[in-house]
Amino acid sequence: MSEAKATTPAGEPAEAQDSGKTGKKHSSDAAKLALGALGVVYGDIGTSPLYALKECVTLPHGVSPAAENIFGLLSLVFWSITLVVSVKYILYVMRADNNGEGGVLALMALAARVGQAKTAVEGDKSKKPRRANWQEVKRAKYVLIMLGLFGSALLYGDGVITPAISVLSAVEGLEVATHAFAPVVVPLTCAILIALFWVQKRGTGGIGAVFGPVTLCWFIAIGATGLPWVIRHPEILAAANPIHGVRFFTAHGKHGFLVLGSVVLCITGGEALYADMGHFGTRAIRLAWYACVFPALLLNYFGQGALLLERPAAASNPFFAMVPSAWLYPMVGLATVATVVASQALISGAFSLTRQAVQLGYLPRVTVVHTSGKTEGQIYIPEVNRLLMVACVALVLNFRASSNLASAYGIAVTGTMAITSILSYWVARDRWGWSLLRAGSFLVFILAIDLSFFLSCSAKIASGGWFPLALAGGMFSVMVTWNRGRTLLGEKIAADTLPLPVFLADVEATQPHRVSGTAVFLASTRRGTPGVLLHHFKHNKVLHKQVVILSITTDAVPEVPDQQKIRLKCFGDGFWAVTAHYGFMESPDVTDILRRCRARGLETDVADTSFYLGRETLIPKRGGQGMADWRKFLFRFLSRNARSATDFFAIPPNRVVEIGAQIEF
């Protein structure tokens, strides 16, 4: 979770003015965070050398390992990593933080506020500015939200393929030693993946402590493996000249452009830098990149290129072909562990992404298990874990080789990269105050790179690229259907809701019997009288001495400060309205809300409090307006299988009273 940074009166970070022992302490903390970032942030991109260059020199999507092709490919790899990771993400996108958090959903929430604070001036500048046209703002917000949702849906496709291709490519290293291991590669990969998903319920705290050191060993190993070959053929360093990349495109034409679909594999972990920014901070991520990851990757890729200059026949697996025979099995073991670490980061990212989507109202409630008493961000979602495990194992059994899986890889992450570029443009214009020329020019530059990769990957749709797109399409449909369904349901409930002043006036006039204790009525909207309260009063004809109407909202920020979490209003005669605000990285807790309310004057005793919840039975009406029939039935299915509000809001189950209602929509 992100933490607010201390600042000096001048507005500069306090750490900037520290010196001596304090400076050493901050340097030590930065080093520890950078070590942690190695394991979580760079696991995916760090294991790309296992298969990226191999796919570039493997037909039909690659080219032959001729010397001129090797120089051209390495030039493309070098500039792809430099421009996309070092320039786009490290220097540009990571500036767009949503209260310290990153990721496509955090960026969507930040960009969707575009225009709300803008003003437009017509005619003479001396005239008072007027607010931007609301309809234009509304349309822009809708488009940005749809882009962000589809980008997050694409990340699920990436989260399924990454563990499968990473672990499979590592285990395939056994075949370099002897083909006798070929029959066990697929079963062993499936066993490792199943074990990886099985241990998720135990939490990542213990194994997470070794992520950084293991990944550091991995980067040292891949850099040390490539260095001797670079020394042996120093001419390979000339591939950094972009002219070799231009000559490659000139020589191969259309096929040279399609090879970008394999080159992109070297940057597929770039989005993780931004997604995990809130856990480690920009300083630690940048330090880890420039001090360790970037040089290790370049040494290994250039080492593979030098190997292919000398031994073109090693193109079937250049990564493991570089390794001395005595170190082959240890390297296979280290690679397997490194790919498990990389897979763990993607799985944890899927858990975090799902919780954000639930909190923002784009997915139904799921089971969120906190696996650490100290770290809020360490969570486990059984539903997502099971789906990911089944999908990963099915992919391995179906494709059976990393080269086949590479055909499905790339299109999802490049789509998300392009969406990130578009959303960050709006942030640059609206939040950073960049001019249209400055922001637009940079957008054109980075979007040209992103779309080139995306279009080249599109050629692989028929051979496997359809899978992440189909998965993303399914997730996107679920997200927009759930959000639209909840909106329509909320509008229908609101239309039938009695204004709260009218209800309070009726209570004052009728003076119903009041029983001891507190009744908390959960409301999905902050307006009007909750339907569950009306049903309770209508049928039971009594009220508790203290009635609390509680609504819980999720703001478009990662975390809401403690002092802003609770809004409390007393109507007199024992009636209270409480609005609890949470960020999309937080989990609501009703008992914690009541505890906070005690400090504000609302005295409650959980042992003497009843919680009233509404349970709606949805009846889809064919041919009605609002949504297509199939979406209505999908929404009904999702609603039936959503986690109960009792569990999701951490309400004591023995204090809950549910009142049902049938709603036709």
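Helices here are DSSP runs (H or I) of at least four residues, numbered from the N terminus. With that in hand, Ser-80 is easy to place: it belongs to helix α4, residues 67-92. Keep in mind that this is a predicted model.

**Two residues in helices**

Ser-80 has a relative accessibility of 8%, so it counts as buried, since the cut-off for buried is under 20%. Setting aside its neighbours within four places in sequence, Ser-80 is in contact with Val-85, Val-263, Cys-266, Ile-267 and Phe-453.

Val-40 sits in helix α1, which covers residues 20-40. Its relative accessible area is 24%, so Val-40 is partly exposed. Without counting neighbours within four places in sequence, Val-40 is in contact with Phe-211, Asp-276, Phe-280 and Ala-345. Take the pair Val-40 and Ala-345: 305 residues separate them in sequence, yet their C-alpha atoms are 5.2 Å apart in space.

**Helix α10**

Phe-211, one of the contacts of Val-40, is also among the buried residues of α10. Others in that buried set include Trp-218, Phe-219 and Trp-229, along with Gly-212, Gly-223 and Gly-226. How does the span of α10 compare with what its 22 residues should give? At 1.5 Å a residue, residues 211-232 should span 32 Å, and the end C-alpha atoms are 32 Å apart, so the two agree.

**The sheet**

Further along the chain there's an open sheet of 6 strands, in the order β7-β8-β6-β5-β9-β10, with mixed pairing. Its edge strands are β7 (566-572) and β10 (656-664), each pairing on one side only. From one strand to the next, the twist averages 25 degrees.

Two helices pack on this sheet. Helix α22 (residues 500-510) touches β5, β6, β7 and β8, and its direction makes about 150 degrees with that of β8. Helix α23 (residues 531-540) touches β5, β6, β9 and β10, at about 165 degrees to the direction of β6.

Strand β5 (residues 513-523) is mostly covered, with 8 of its 11 residues buried. In the strand order, β5 sits between β6 and β9, and here is how β5 pairs with each:

| Partner of β5 | Sense | Bridges |
|---|---|---|
| β6 (residues 542-554) | parallel | 9 bridges |
| β9 (residues 609-619) | parallel | 4 bridges |

For a residue-level view, His-513 stands opposite Val-542 in β6, while Val-520 stands opposite Phe-611 in β9. Strands of a sheet pair through backbone hydrogen bonds, in either a parallel or an antiparallel sense.

Key. Residues are numbered from 1 along each chain as its sequence is written. This is a predicted model: local features need pLDDT of at least 70, side-chain atom pairs count only at pLDDT 80 or more; totals for chains, interfaces and linings use all residues. Side-chain values use heavy atoms; hydrogens and water are left out. Buried means under 20% relative accessible area, exposed over 50%, partly exposed in between (1.4 Å probe, protein chains only). Two strands pair if DSSP finds at least two bridges between them. Contact means heavy atoms within 4.5 Å. The expected span of a helix is 1.5 Å times one less than its number of residues. Axes are lines fitted to C-alpha atoms, for helices over the stretch in contact, and angles run from 0 to 180 degrees between N-to-C directions.
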